[in-house]
Amino acid sequence: MSGSEYASFLAALAEPLRVAASCEEAALRAALTAAIDAGAVAWPELRVARAEFAAALAQRLAWASPGALAAGLATLDHAGLWLAHACVLGDSKALARFDARCIADLDAALRAAGVPDGQVAEAKQRVRHKLLVAGPEGPPRLASYAGRGDLRGFVRVVAVREGIGLLRQTARREAHELPAADEQLERATVGEDPELLLIKERHRAVLREAFAEALAQLEGRDRTLLRLSVVEGLTIDQLGAAFQVHRATAARWLAGVREGLYRATRRGLMARLQIDRGEFESLVRMIQSRFEISVCEILRTPAG
């Protein structure tokens, strides 16, 4: 082991542990070398600086007792930490390996938590976003993985929680109609235009019904993409990171979802309404120009 690796490890330790490390230096050096080697052997294709990984290992030993650092270090999931560290750094190969090892086989755990088949894909995408995308509050959640248990077990726990959250959100959404702030919604969508006010009053229920039906037809990935963009305000770059695709691909997907939702809503209205062309075009323009408001009304989890 190089001196820089051990120096990085010591520098990242909490002060009391750093002082105590000198009492078990030989054992600690051996344990640190074994931990780094285990990660590198498990994932030889991933580029991780050994000194940086040594520091990351030290940061995960805050719970250890002075004099027992070597023993604590030996208990960590070195391979899992190596993979997680590479993912947090944004290594594309690491992200692919993580998806194949930890995300792909979550279906059984999600179904056991009660997530229906039709929502498994959305739940898995939520897990990816939760673990791999940095937010305003800090780095990706995967950076908090402490290595005291198997990485896949850690991901399963996160997945079950996300699955249960999705079920609760779905239940709340189904238990409520669209929010009833009609006056505010009306001002936001039609303003003072007498013609559009008339259309809104005559076809309010049909419009909502057609839009909700179109939204319900979206596949899990598309619905998640739309929710992350419209409700949570993710940028194209953040969407690309969440779905592990180039930003241009994410932009193309989002444009396709918007266009498909608009067309499906239009078909639903045409199937329900018997109105002349001018009136229909006015109604369509209202839907298209206020797209985000309608999406937020349906996708956002009701308060309470």
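Which side chain of opposite charge is nearest to Arg60, and how far away is it? I began my notebook with this residue. The model I am reading is a predicted one.

**Entry 1: Arg60**

I looked up the place of Arg60 and found it in the loop between α4 and α5 (69-74). The nearest side chain of opposite charge belongs to Asp77, and it is 10 Å away. Arg60 is buried and has no salt bridge. A salt bridge would need a nitrogen and a carboxyl oxygen within 4 Å.

I then checked what the side chain of Arg60 does reach. One partner is the backbone oxygen of Ala143, at 3.0 Å. Another is the backbone oxygen of Tyr145, which lies 2.8 Å from a polar atom of the Arg60 side chain. Setting aside residues up to four places away in sequence, I noted that Arg60 touches Leu81, Ala143, Tyr145 and Ala146. Ala143 and Tyr145 thus appear in my list of touching residues as well as giving backbone oxygens to Arg60.

**Entry 2: Asp91**

I looked next at a charged residue of the opposite sign. Asp91 sits in the loop between α6 and α7 (92-103). Is Asp91 buried or exposed? Asp91 is buried, and it has no salt bridge. Its nearest side chain of opposite charge is that of Arg47, 6.3 Å away.

A polar atom of the Asp91 side chain lies 2.8 Å from the backbone nitrogen of Lys93. Leaving out neighbours within four places in sequence, I found Asp91 in contact with Leu46, Arg47 and Ala86. Arg47 is therefore in contact with Asp91, where contact means heavy atoms within 4.5 Å, yet Asp91 has no salt bridge.

**Entry 3: Salt bridges**

How many salt bridges does the structure hold? The count comes to 14. I wrote up three of the pairs.

Glu25 and Arg29 form a salt bridge, with their closest N and O atoms 2.9 Å apart. Both belong to helix α3 (residues 25-42), and because they are four residues apart there, about one helical turn separates them. As a reminder to myself, an α-helix has 3.6 residues a turn, so residues three or four places apart point the same way. Glu25 is partly exposed, at a relative accessible area of 33%. Arg29 is partly exposed too, at 29%.

Asp37 and Arg50 also meet in a salt bridge, at 2.9 Å from N to O. Here Asp37 lies in helix α3 and Arg50 in helix α4 (residues 50-59), so the pair ties together parts that are 13 residues apart in sequence. I looked up the accessibility of each. Asp37 is partly exposed, with 32%, and Arg50 is partly exposed, with 29%.

Asp107 and Lys124 form a salt bridge whose closest N and O atoms are 2.8 Å apart. This pair links distant parts of the chain, 17 residues apart: Asp107 is in helix α8 (residues 107-112) and Lys124 in helix α9 (residues 117-132). Asp107 counts as partly exposed, at 22% relative accessibility. Lys124 counts as buried, at 12%. The pair is part of a network of salt bridges that links Asp107, Arg111, Asp117 and Lys124.

**Entry 4: Aromatic pairs**

I searched the whole structure and got three aromatic pairs. Phe53 and Trp82 form one that is edge-to-face, with 4.8 Å from centre to centre and 65° between the planes. It links distant parts of the chain, since Phe53 is in helix α4 and Trp82 in helix α6 (residues 78-88), 29 residues apart. Both Phe53 and Trp82 are buried.

Tyr145 and Phe154 form another pair: their ring centres are 5.1 Å apart and their planes stand at 50°, so the pair is tilted. Tyr145 is buried, with a relative accessible area of 2%. Phe154 counts as buried at 19%, against a limit of under 20%. I had already met Tyr145 as a residue that Arg60 touches.

**Entry 5: Helix α14**

Which residues of helix α14 (residues 236-243) are buried? I listed Leu239, Gly240, Ala242 and Phe243. Seen down the axis of α14, the buried residues fall within an arc of 165°, so they line one face of the helix. Gln244 follows α14, and its phi is positive, near 60°.

Technical notes
Residues numbered from 1 in each chain as written. Predicted model: local features only at pLDDT ≥ 70, side-chain atom pairs only at ≥ 80, totals over all residues. Heavy atoms only, no water. Helix = DSSP H or I, 4+ residues; strand = E, 2+ residues; numbered from the N terminus. Buried < 20%, exposed > 50% of the residue type's maximum accessible area, 1.4 Å probe, protein only. Arc of directions from axis to C-beta. Lys, Arg positive; Asp, Glu negative; His and termini not counted. Polar contact = N/O pair within 3.5 Å; in protein donor to acceptor, adjacent residues only side chain to side chain. Phe/Tyr/Trp six-rings, centres within 6.5 Å; stacked < 30°, edge-to-face > 60°.
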